[in-house]
Amino acid sequence: MSKPKENIFDFKLFKRLFEYIKPYKVVFSGLVILVVLLAVFSAATPYITKFAIDDSIAVKAEEGFLFYIMIMLAILILQTVFQLLFIYYASWLGQNLVMDVRVKLFDHLLRFKMKYYDNSSVGVLITRAVTDMERIADIFGQGLFMIIRDLLTMSVVFGVMVYTNYKLSGIVFVMLPLLLYATRIFQKYMKKAFEEVRNEVSNLNSFVQERLTGMKILQLFTREAIELKNFKEINERHKKGWVKTVWYNSIFFPLADLVSSVCIGLVAWYGGLNVVLEGSSVSQGVLVSFIMYIPMLFRPLRQIADKFNTLQMGMVAATRVFKVIDTTSQIDDTGTHVADAFKGHITFDDVHFSYVEDEEVLKGISFEVKAGETIAIVGATGAGKSTIINLLNRFYEIGDGVIAVDGINIKDVTLSSLRTQIAVVLQDVFLFADTILNNITLNHPEITEEQVQQAAKDIGIHDFIMTLPNGYHYNVKERGVMLSSGQRQLISFLRAYVTNPSILVLDEATSSVDSYSEQLIQNATDKITKGRTSIVIAHRLATIKKADKIIVMEAGEIVEQGTHKELLKKENGYYKNLYEVQFLQEEVA
Ligand SMILES: Nc1ncnc2c1ncn2[C@@H]1O[C@H](COP(=O)(O)OP(=O)(O)OP(=O)(O)O)[C@@H](O)[C@H]1O
């Protein structure tokens, strides 16, 4: 978490937020005018009351009294209308501004490279995109304008009081600094407590999000009790943060009430004495108006402290959101070559790569895949097979070496055209909580249902999809829980196939599926790799045998290359060894 700032206002941050207000200048200006009008009107009622008392009530003069009442009524009506407009448009402005910031944030998140996500907590990012945004909206909906309105009201009231009777005002001036000082201290403590709360909200979000995603594992390993304990601890810290704010509130507000009441008491006492004294400047009307003014001066002050909290929570949230927006973690997209269609000749030339500095995962990889060929990559777990996939798509930047397609360095190709031409089927299939159709097209506007059905027929999975209730419109629910892993794989094959990519990268699933699904998957694999350059991280012997070339990887290096037959001939070869340990049984079976 960033170090809490000592100053109450972060002007730089405000300047930045005001950039987002520019499109709503008219509403903003209207709000400023309303703020001024509301401040003036709120001071008017006691002022007119003073005249009503002194000119009509005290001297028992009937004429003019109705006039004062009518003016007060008119002010009341206008005040109500202005108040309504003010509250509505202040929130309207906050929500509109936040909508724009949220879109900007999400647009940014969509472009971050994988490395950013490797090091970020999803829960924290969700907090930024959802909860923090509401806090930013509150800056305008409940914080800033209200503070300005209160400050202006106080200034106007203050001015009118001094103008009316400076001696009585003197009593108020003596008491006011006391409350100001208490407000300042209160506000400082509240800021700290709110930062604690915000932190714990982020922690709660990431904890819950992660546990819900991994619920199966928790239940399989019966970790419910432990996780509940961990959850209770974070929850406890969250509660403590909130209770602190409640504690500060419960000290401050009664104290503020006390100061206000004492002040009224003093004014009533001193003013009252003066009213009865001959020749005093304090009339009954002045005394009553002062008793009306004092709460108008003290109450906003209390509320300002409250609004400052809102403002500060909003500022903390805005600082965090802008921190994400300011993060430049995109993959460089400076390439200018637009790849309409690749022939599919891939070369890796002495490619070095590390996810974490100084821990090289690929140590000078060189290989070639000719257009239309299928190569299989095999090797022990952690050898670096999936990393090759990550690099071809430019999910990560390579350290040294060159990766080229059709002789063009992939860095020189625009990122979107590169990724459009290379379809990837990952081992862990991710499905969205949507229909099968939308999971296949990923909402691409130009892929029609007919095309999807034809593609499904081509790779032999149309019949399977039609067996599902609602067929292509079957909703697979979150992460595709309504489908088996084999079925999910078939959907992901279709997702890749329907885009008609020039190059296909396939990470074969290791999980075993029933023989019917296995057959469907085999057929689909044959169909989608046929005639198109394919790189398959192979776990099935059938795929490996059919490959034009096998690349054997070991600890970040290519240790052997060749066809199945060629590699088996190598005495004590890596592949021969792997085959005997891993695949021989499969073949015998
Ligand atoms: N996102 C990441 N951040 C840091 N290190 C990573 C990341 N992904 C993989 N690695 C490391 O890189 C090495 C190679 O991983 P890779 O996933 O390429 O292996 P693999 O050969 O595909 O393994 P498997 O067959 O188990 O999928 C491993 O040591 C792994 O720990």
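## Around the ligand

Helix H11, spanning residues 385–392, is the top contributor to the shell around the ligand, giving 3 residues. Keep in mind that this is a predicted model. The full set of residues surrounding the ligand is Asp 118, Tyr 355, Val 361, Ala 380, Thr 381, Gly 382, Ala 383, Gly 384, Lys 385, Ser 386, Thr 387 and Tyr 396. Sorted by character, the shell comes out at 5 nonpolar, 5 polar and 2 charged residues.

## Polar contacts and cover

Three shell residues are worth a look here. Thr 387 uses a side-chain N or O atom, 2.4 Å from an oxygen atom of the ligand. With Ala 383 it's the backbone: one of its N or O atoms sits 3.1 Å from a ligand oxygen. Asp 118 pairs up with a nitrogen atom of the ligand instead, with a side-chain N or O atom 3.0 Å away.

As for cover, the ligand on its own has 630 Å² of accessible area, and the protein covers 62% of that.

## Aromatic pairs

The model has 30 aromatic pairs. Take Phe 86 and Phe 145: their ring centres are 6.5 Å apart and the planes meet at 80 degrees, so this one counts as edge-to-face. The pair ties together distant parts of the chain, with Phe 86 in helix H3 (residues 65–111) and Phe 145 in helix H6 (residues 131–164), 59 residues apart.

## How confident is the model?

Mean pLDDT for the chain is 87, with 96% of the residues at 70 or more. Residues 1–6 are another story: pLDDT there is below 50, and the stretch has 7 contacts in the model beyond near neighbours in sequence.

Methods:
Residues are numbered from 1 along each chain as its sequence is written. Side-chain values use heavy atoms; hydrogens and water are left out. pLDDT is the predictor's confidence in each residue, from 0 to 100. Contact means heavy atoms within 4.5 Å. A residue is near a molecule or strand if one of its heavy atoms lies within 4 Å of it. A polar contact is a pair of N or O atoms within 3.5 Å; within protein, one must be able to donate a hydrogen and the other to accept it, and residues adjacent in sequence count only if both atoms are side-chain atoms. Accessible areas come from the Shrake-Rupley method with a 1.4 Å probe; for residues, only the protein chains shown count as cover. Helices (H or I, at least four residues) and strands (E, at least two) are DSSP runs, numbered from the N terminus. Ala, Val, Leu, Ile, Met, Phe, Trp, Tyr, Cys and Pro count as nonpolar, Asp, Glu, Lys and Arg as charged, and the others, Gly among them, as polar. Rings of Phe, Tyr and Trp (its six-membered ring) pair if their centres lie within 6.5 Å; planes under 30 degrees apart count as stacked, over 60 as edge-to-face and the rest as tilted.
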